[in-house]
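Reader: I have a model open on my screen and would like to learn how to read it. Could you walk me through it, one feature at a time?

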Amino acid sequence: MQNAGNALRIGLNGTCFSDRPSGARNRFIGIYSELIQRMPDAEFVVFEPADSAVGAWFGDRDNVIRRQTPVPSEGRTGRFLAGLGFWWRAFGGQTYDVFENFHMPAVSAPAAVSLLTIHDVRGVQPDQPRLERYFFRRVLMRSIASADIIVTVSRTMKDEILSICPDAEVAVLYNGLDPTPFRTLEESELDGFRRKYRLPQEFLLSVGHFEPRKNY
């Protein structure tokens, strides 16, 4: 429910983001850069981690408020412990119409519509240590239960979430793509690229972290 007599107020728990490049970071910047620009009458409150100026990614816009937190961007345990004494104070006297989390365990703002974006649930996969799977599943279930809507990035991911929690309300919002930097290369440019990196005539280019879960 919108605050009576006030503009829509949207809280963003961006404490999991850092200057380290990632798909989740790019998605966060891409979606909310557009929303902040298209919703000038709404107020966006960005909660920053202790080690990164996340709110600065959106420029110096009048409808963005930056709130620094003691929560580190890395480490689930550290984020949880640092947040124990912070969030209840942060929400004291503050109201939000919507509050979105981008990592778990999720934080719930009183009376706000709660969103939780989930990119993957690899913590419950069989290749993870049994104890870690147990704790991740518990955190996942509690986070899902505390959210009004789960947002995920693909139908496959939606099916995985529903296989764990069939009653969850899950919406799919695909990652965006800015086509501006892309262009068709001349064959001479491709030949030069192949020679420079000693590539065969046919190859695949994948941009991402070199991790086993990426299925290279």
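## Strands, core and salt bridges

Author: Gladly! Let's start with one pair of residues: Leu116 stands opposite Ile150 in strand E6. Please keep in mind that this is a predicted model.

Reader: In what sense do E5 and E6 pair, and over how many bridges?

Author: E5 and E6, the latter covering residues 149–152, run in the parallel sense and are paired over four bridges. To get from E5 to E6, the chain passes through helix H4 (residues 130–146), and this β-α-β crossover is right-handed.

Reader: Which strand pairs with E5 over four bridges besides that one?

Author: That is strand E4, residues 98–101, which pairs with E5 in the parallel sense. A pair to look for here is Phe99, which stands opposite Ser114 in E5.

Reader: How should I picture side chains along a strand?

Author: The general idea is that side chains in a regular strand alternate between the two faces of the sheet.

Reader: And why is strand E5 described as largely enclosed?

Author: The way to read this is to go residue by residue and ask which ones fall under 20% relative accessible area, the cut-off for buried. In E5 (residues 113–118), five of the six residues are buried, so the strand is largely enclosed by the rest of the structure.

Reader: Let's go on to the core. Which residues have the most contacts inside the largest nonpolar core?

Author: They are Leu12, Phe17, Phe28, Tyr32, Phe44, Phe58 and Phe102, in a core of 17 residues. Two or more residues come from each of strand E1 (9–13), helix H1 (23–38) and strand E2 (43–48). Helix H1 gives the most, with three residues.

Reader: Now the charged side chains. How many salt bridges does the structure hold?

Author: It holds seven. For each one, look at the distance between the N and O atoms, then at where the partners sit in the chain. Take Arg9 and Glu43, whose closest N and O atoms are 2.4 Å apart. This pair links distant parts of the chain, with Arg9 in strand E1 and Glu43 in strand E2, 34 residues apart.

Reader: Are Arg9 and Glu43 buried or exposed?

Author: Arg9 has a relative accessible area of 11%, so it is buried. Glu43, at 26%, is partly exposed.

Reader: Could you show me another salt bridge?

Author: Try Arg122 and Asp120, whose side chains meet at 2.5 Å, N to O. Arg122 is partly exposed, with a relative accessible area of 35%, and Asp120 is partly exposed at 24%.

Reader: Which residues are joined into one network by salt bridges that share partners?

Author: Those are Glu187, Asp191 and Arg194. Within this group, the side chains of Glu187 and Arg194 meet at 3.5 Å, N to O. Glu187 counts as partly exposed, at 43% relative accessibility, while Arg194 is buried, at 11%.

Reader: One last feature: which residues form a nonpolar patch on the surface?

Author: Here you should look for Phe193, Tyr197, Leu199, Phe203, Leu205 and Val207, which together have about 610 Å² of accessible area. Leu205, for example, is found in the segment after helix H6 (187–197). The cut-off for exposed is over 50% relative accessible area, and Leu205, at 67%, therefore counts as exposed.

Reader: Thank you, I'll go through these on my screen!

Conventions. Residues numbered from 1 in each chain as written. Predicted model: local features only at pLDDT ≥ 70, side-chain atom pairs only at ≥ 80, totals over all residues. Heavy atoms only, no water. Buried < 20%, exposed > 50% of the residue type's maximum accessible area, 1.4 Å probe, protein only. Pairing = 2+ DSSP bridges. Right-handed = clockwise from strand over helix to strand, strands pointing away. Patch = residues over 30% accessible without salt bridge, like charges linked within 9 Å, V, L, I, M, F, W, Y side chains within 5 Å. Areas by Shrake-Rupley, 256 points an atom, 1.4 Å probe, with all protein chains shown as cover. Salt bridge = Lys/Arg side-chain N within 4 Å of Asp/Glu carboxyl O. Core = buried A, V, L, I, M, F, W, Y, C linked by side-chain atoms within 4.5 Å.
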